[in-house]
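Q: Please take a close look at the nonpolar core of this chain. Begin with one of its residues, and then work outwards through the elements around it.

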Amino acid sequence: MPDQGHFPPETLCLIFSYLPRQDLARCLYVSRLWHAEAKPQLYKIILLVPGMKLNRQLAAVKDRKALVRRVEWRPCQYGSLVPPADLLDFFLDYRPASKHSENNSNNNKRAQPQNCPVAYPIPLESSRLTLKQFSFTGGQQSWNLFDSILYSLKSLVSLDLQFVKGNGTGKAYVVDLDRILTGFPRLKHLGLSGLMLGYAPPRTAGHEEDRYGNDDEETRTEHGLESFAFTPLLMWRKGPDAFTFLERLRHLRKIVVRSQWNYLNCAERAQPWAFGRALQQCCPKLESIDAFGAVILWLFDLPIIPSDKIPHLTSLVIEPPPSINGSDMLSVSMAQKMLKALKEDENILKQRLQEQELGELLEGRSAKPFFPQLRTLILGPDHSLSAQDLISLGVQARNLTHVKITHEMYNYAGVWNMYDTDAAATAAAATAPSDAATHHSTSSSAVTNKLIEDRRLWKRRCIGNQDVTLFLQLCSSLQHFSITGRTIPFFDLAVGDITTPGGPGTTFSTPGKVETLAIHPWACEENLQTLKFGLSLHEKRPKEQHAMVWKHFGRFQKLRSLTLPVSSLVPSPAYGVEGLLTGGGRLSETLTEIRSLPSWWVVEDRREMVLWFARSFPNLLVLGLMRYREKVEGGKAEDYTDFLEDEDVKRCSIHRIFIEDRPFE
């Protein structure tokens, strides 16, 4: 072991930051230098969670509280795990109130929240000036004690609060955002979550003092908050003062929305256009959005078209078929043909309207971005990102570098029937009644009229596979892209043209015709560094199609990590895997990681497959093989992994080759 003098304090501090608490405790007894560097790391984070010997822990840290930087407090659902006096002593250096301190206690009554029936003595200033991060997760039985502690921690830069259901009355904890922003002037991150969380009504402009004694000037001072996590309840506010608190958050860069509700509740109360405009006006630096669950969030403002300004839409209506006379009505087959023709015309109109809408979006003049500085977009399951927003993002986003989408065909009608009611009312007021009546009379059926009306109101639709492909063909600034949840079918990635046999391109035979397939280049091929992309292409499909996809992935110039979750590409020379080298990119120099390599068990010589990857990509460090289902023949499972024990495979340049123990999300 090298002498301790060879490790400067900065190096020891960095090493100790990765050690668990048990090892840090042992390092205290090695030397004075190690003791001095390990001690701050040992007491840096204090966990007040169930199952720990909390009284002993609090006693141990009592004389070392100046070293504590972060506290995670998670009382059980029935109340605090330790006596309130011990916690008050730990957080606030609290001492039992004497008779002569009653006056000081009375002076602090206005700091007590209205929903706190029991008042604990609170000192004017906390001695916990070194505490930087604080998180709380608890039920109603702990809220009184929590209130007595929270607003004395003035030095916090990170605050996470989660209010869960406990053994109480079922009332929600009401958070006053103005009070939090005023009480924590150094705060950079604020997280609010939980089913038992509620938000205080917005303050009406002009009130001189709120219920906590903060005057109007204090509650309107610009704040330095940069990251804000909240629930959709905050987005459901209505009224002119609903989002006035955002006026203080001009430095906000990231929002995180976590929903535990369903879309049935959200669609009835959400106004995503109002919330988007408020963020656009008040938070010009916003660059990161992270949403999970039932969150209705719009990225673009799509203008409502007045009823008298839609000749370009009504001109797309197909002339209605001639009316059926009395003699024709006697023929059932004639009536069925007429209905079928009418339905076909409506489908054609729907396609024409979508093509016209796509043309407007590609021009980039109609849609106005709510977040022009957007760099990172993360959307979890059940997201409500529309096809119009995704296409507009590909056209207009110039700073977007990170996109992570859980792609699911969620099609709740309430979400896609929403439109900007405020803009619609304004457009209706500016339209003459006679013009509106003329518009409605041009429709030949109720369905046709509804299609035109939905287009006029810019009603959004859910994302399809082709919309994802189009986005990748448009957005040139992407550096990291991930789409999981559903695979993209090959025929939504490739496009085809009818041609004659023997024509250029990759062809496959179909009865009576030959189709030429091609994959359009992605706009991000020059900048993309990580790609997680699931592709549906069965191994029994023509090998030329597999080769086309491998060669498409070979176009990237800076790709470092390639992940193919739940895909079905075959990594074999017979299926064109050499396209990774011949596609025109630089993967042989840049690729360092391949994860979830699909269909490797189909390859006959799996040993040679691994060695080919090692030879072709000298910088490849990680090769993760997709988990497979064991094939049982004659009551015995066939093992495909024997090649991993080969000596040449073990000695190859790839540092880690393994079978992934669980499927990707």
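A: Contact here means that heavy atoms lie within 4.5 Å of each other. The model is a predicted one. On that basis, and with neighbours up to four places away in sequence set aside, Phe-134 is in contact with the aromatic residues Trp-73, Phe-91 and Phe-146. The contacts of Phe-134 also include Val-71, Leu-150, Leu-153, Leu-156 and Leu-159, together with Ser-158 and Asp-160.

Phe-134 belongs to the largest nonpolar core, which has 170 residues. Which members of this core touch the most other members? They are Phe-134, Phe-228, Phe-481, Phe-533, Phe-553 and Phe-613. Helix H24 gives the core its largest share, 6 residues.

The chain as a whole provides the setting. Its 665 residues form 25 helices and 25 strands, and 47% of the residues are buried. Among contacts with a separation of 6 or more, 82% join residues that are 24 or more positions apart. The exposed area of the chain is about 33,100 Å², and 51% of this area is supplied by carbon and sulfur atoms.

Helix H24 can be followed through the strands on either side of it. Strand S21 (residues 593-597) pairs with strand S20 (residues 561-563) in the parallel sense, through 3 bridges, and in this pair Ser-561 stands opposite Glu-593. S21 also pairs with strand S22 (residues 622-625), again in the parallel sense and over 3 bridges; Leu-597 has Leu-625 of S22 as its bridge partner. Between S21 and S22 the chain passes through H24 (residues 606-616), and this β-α-β crossover is right-handed.

Two serines mark this crossover. Ser-599 is placed in the loop between S21 and H24. Its phi is near 50°, a positive value in a residue other than glycine. Most residues other than glycine have a negative phi. Because the relative accessible area of Ser-599 is 5%, this residue counts as buried; the cut-off for that class is under 20%. The second serine, Ser-616, is in H24 itself, and its relative accessibility of 11% means that it is buried as well. Apart from neighbours within four places in sequence, Ser-616 is in contact with Leu-581 and Ser-588. Ser-616 and Ser-588 are 28 residues apart in sequence, while their C-alpha atoms are 6.1 Å apart in space.

Another of the core phenylalanines leads to a second set of strands. Phe-481, in strand S15, is the bridge partner of Val-403. S15 (residues 480-489) and strand S14 pair in the parallel sense over 5 bridges. On S14 (residues 402-406), 4 bridges also make the link to strand S13, with the two strands running parallel. Val-403 serves in this pairing too, as the bridge partner of Leu-377. S13, helix H14 and S14 together make a right-handed β-α-β unit.

Asp-382 is in the loop between S13 (376-379) and H14 (387-396). The phi of Asp-382 is positive, near 60°, in a residue other than glycine. How accessible is Asp-382, buried, exposed or partly exposed? Its relative accessibility is 31%, so Asp-382 counts as partly exposed, whereas Ser-599 is buried.

The packing of two further helices completes the view. In helix H10 (residues 272-282), the buried residues are Pro-272, Trp-273, Phe-275, Gly-276, Ala-278, Leu-279 and Cys-282. They pack against strand S8 (227-230), strand S9 (254-258) and helix H16 (421-429). In helix H3 (residues 32-42), Trp-34, Glu-37, Ala-38, Gln-41 and Leu-42 are buried. These residues lie on the same side of H3, because they cover an arc of only 135° around the axis. An α-helix has 3.6 residues a turn, so residues three or four places apart point the same way. The cover over the buried residues of H3 includes helix H1 (9-16), helix H2 (21-27) and strand S1 (45-48).

Note on methods: Residues numbered from 1 in each chain as written. Predicted model: local features only at pLDDT ≥ 70, side-chain atom pairs only at ≥ 80, totals over all residues. Heavy atoms only, no water. Buried < 20%, exposed > 50% of the residue type's maximum accessible area, 1.4 Å probe, protein only. Arc of directions from axis to C-beta. Pairing = 2+ DSSP bridges. Right-handed = clockwise from strand over helix to strand, strands pointing away. Core = buried A, V, L, I, M, F, W, Y, C linked by side-chain atoms within 4.5 Å. Areas by Shrake-Rupley, 256 points an atom, 1.4 Å probe, with all protein chains shown as cover.
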